[in-house]
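User: I've got this one open and want a quick walk through it. Can you take my questions as they come?

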Amino acid sequence: MRRQRQAQNEYEFSDEEDREAFTSASRNEATRQLNTYKISRVKRNHRDEKYLSLAHEDFSYLAWQKLGYYIARNDQLECLSLRRCNLSDENMSAFFHGAARNKQIKVLTLYGNSFGAEGMKSLMPFLQYSHNLTSLNVSGNNIETEGLRWLLQGLGNNGCIEKLNLRHCGLSNMSILDKPHVYLPNLQVLYLSDNSDIGAEGCSSIASLLRSSGSKMKKFYLNRCNIGDEGVQFIAESLVNNTSLCYLELETNNIRRKGLIALLKLLNNVDTIQATYNSNHVLKRISLKGNSSQSHEIIHYIESALKLNQQYDGEEYHHHDVGRAKVIQSQLQSQTRIILSCIQGVDDYYMRPYGNITSEVVSNYLASVGQESNLSDLYQLMLGMNSELGAGN
């Protein structure tokens, strides 16, 4: 309490007091001088001081409170990085009591400190009113589920956030993502790696972010989260109609054959020609290092589909080109069709592919037959289409 009263009674430190408060814990003379210089420029709202980075510091409660005040009245700072600075729950309260009033910061990094859920609660007012914030990194702090709740409550009014790093945060129960008030319309990059308790159940909630209409997510990192085959199935199902995600990391997640098949079917569903044509053509890379080493054939076909997707640049006509290329590669090559059908558990792989096919796909398919296939494939096509027509009479 004495420290708090002292901080409240002082409007700001003198330059000499700044040197003592902000450099006493620094590792060497050069660092002490650099810290004094950088904080002095922030304190004076220097127009060229756009970035403040501090690392491995151990400031007092009073020093954090004063630094928060200096940042609060600064309207030039755009990037703030406080890495491994022993920002405990108590110090987070001291710092953001003032810093929460800053509305100009665009990038905030709080990696590797020692705060938890209470520290996230202190951060919440800053998140609510910092409408320029596009990137937030709180990785390496044990905020757990309660801290995630405070974070999302703070971001509820912030539609600008594009990049969110929650790596190694002790997360487990992700059901809060199912709540209707969780709306991150511009989120493009999400890191959830190294939260080993997320598991398959957590993936069922995470999938809601990927499934939401208008999702802008481009990169998603879910390494070492113990999601298994069931979790991969949740993710794959959520991406069936997703038109934004192009990069997905699922390393070291105990993913076996069943999970790999779910990813393959997402990228190249050979259930019917129509399904192949409408498969996901947006995903360009999936990292699966550290998972099953016994499913080389399935991984080969996943990589083959991803190579075709890499030709897709977002234009509608290119989407059709990739769909057509997958039909040629997977449906017009008899041996490939048989292999993929067996992997995906498709029965009647000579007849079933032609079910529910649209006139658009028929025209593309027929155009492909003459160039890429043989008479046997053409015969099977016409036989299958005749069966469909007969069934409709």
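**Cysteines, helix packing and a few odd residues**

Analyst: Cys-225 counts as buried, at 0% relative accessibility. Keep in mind that this is a predicted model.

User: Which cysteine sulfur is nearest to that of Cys-225, and how far away is it?
Analyst: That of Cys-203, 7.4 Å away. Cys-225 is in no disulfide.

User: How many disulfides turn up in the whole structure?
Analyst: Zero.

User: What about Cys-85, buried or exposed?
Analyst: Buried. Its relative accessible area is 0%, and the cut-off for buried is under 20%.

User: Back up a step. What is the mean pLDDT of the chain?
Analyst: The mean is 85. Of the residues, 82% reach 70 or more.

User: Where does pLDDT drop below 50?
Analyst: Over residues 1–10, for one. That stretch has eleven contacts in the model beyond near neighbours in sequence. Residues 387–393 also stay under 50. There the model has four contacts beyond four places in sequence.

User: Why be careful with the coordinates where pLDDT is low?
Analyst: Low pLDDT means that the predicted coordinates should not be read in detail.

User: OK, helices. What does the buried side of helix 9 pack against?
Analyst: Its buried residues pack against helix 8 (199–211), strand 7 (219–221), strand 8 (247–249) and helix 10.

User: And which residues of helix 9 are buried?
Analyst: Gly-228, Asp-229, Gly-231, Val-232, Ile-235, Ala-236 and Ser-238.

User: Take the helix 8 contact. How do the axes of helix 8 and helix 9 cross?
Analyst: At roughly 10°, and they come within 8 Å. Angles under 35 degrees count as roughly parallel, so helix 8 and helix 9 are roughly parallel to each other.

User: Which residues make that contact?
Analyst: From helix 8, Ala-200, Cys-203, Ser-204, Ile-206, Ala-207, Leu-210 and Arg-211. From helix 9, Glu-230, Gly-231, Phe-234, Ile-235 and Ser-238. They divide into seven nonpolar, three polar and two charged. Cys-203 is also the residue whose sulfur is nearest to that of Cys-225.

User: Now helix 10. At what angle do the axes of helix 9 and helix 10 cross?
Analyst: Roughly 10°. The axes of helix 9 (residues 228–238) and helix 10 (residues 257–267) come within 8 Å. Helix 9 is therefore roughly parallel to helix 10.

User: Which residues meet there?
Analyst: Asp-229, Val-232, Gln-233 and Ala-236 on the helix 9 side. Helix 10 brings Arg-257, Lys-258, Gly-259, Ala-262, Leu-263 and Leu-266. The split is five nonpolar, two polar and three charged.

User: Switching to backbone. Which residues other than glycine have a positive phi?
Analyst: Asn-86 is one of them, with phi near 55°. Glu-144 has a positive phi of about 55°. Most residues other than glycine have a negative phi.

User: Where are those two found?
Analyst: Asn-86 is in the loop between strand 2 (79–83) and helix 5 (89–99). Glu-144 lies in helix 7 (residues 144–155).

User: Buried or exposed?
Analyst: Partly exposed, in both cases. Asn-86 has a relative accessible area of 37%. Glu-144 is at 41%.

User: What else sits in the loop with Asn-86?
Analyst: Ser-88 has its place in the loop between strand 2 and helix 5. Its C-alpha is separated by 6.9 Å from that of Asn-113, 25 residues apart along the chain. Leaving aside neighbours within four places, Ser-88 is in contact with Ser-114 and Phe-115.

User: And in helix 7, what does Thr-145 touch?
Analyst: Leu-171, Ser-172 and Asn-173, not counting residues up to four places away in sequence. Thr-145 and Gly-170 are 7.6 Å apart, C-alpha to C-alpha, and 25 residues apart in sequence. Thr-145 is partly exposed, with a relative accessible area of 25%.

User: Last one. Where is Ser-135, and what is it in contact with?
Analyst: Ser-135 is in strand 4 (residues 135–137). It is in contact with Lys-106, Val-107, Leu-108, Ile-161 and Lys-163, leaving aside neighbours within four places in sequence. Ser-135 is buried, with a relative accessible area of 15%.

Key:
Residues are numbered from 1 along each chain as its sequence is written. This is a predicted model: local features need pLDDT of at least 70, side-chain atom pairs count only at pLDDT 80 or more; totals for chains, interfaces and linings use all residues. Side-chain values use heavy atoms; hydrogens and water are left out. Axes are lines fitted to C-alpha atoms, for helices over the stretch in contact, and angles run from 0 to 180 degrees between N-to-C directions. Helices (H or I, at least four residues) and strands (E, at least two) are DSSP runs, numbered from the N terminus. Angles under 35 degrees count as roughly parallel, over 145 as roughly antiparallel, 65 to 115 as roughly perpendicular and the rest as oblique. Contact means heavy atoms within 4.5 Å. Ala, Val, Leu, Ile, Met, Phe, Trp, Tyr, Cys and Pro count as nonpolar, Asp, Glu, Lys and Arg as charged, and the others, Gly among them, as polar. pLDDT is the predictor's confidence in each residue, from 0 to 100. A disulfide is a pair of cysteine sulfur atoms within 2.5 Å. Buried means under 20% relative accessible area, exposed over 50%, partly exposed in between (1.4 Å probe, protein chains only).
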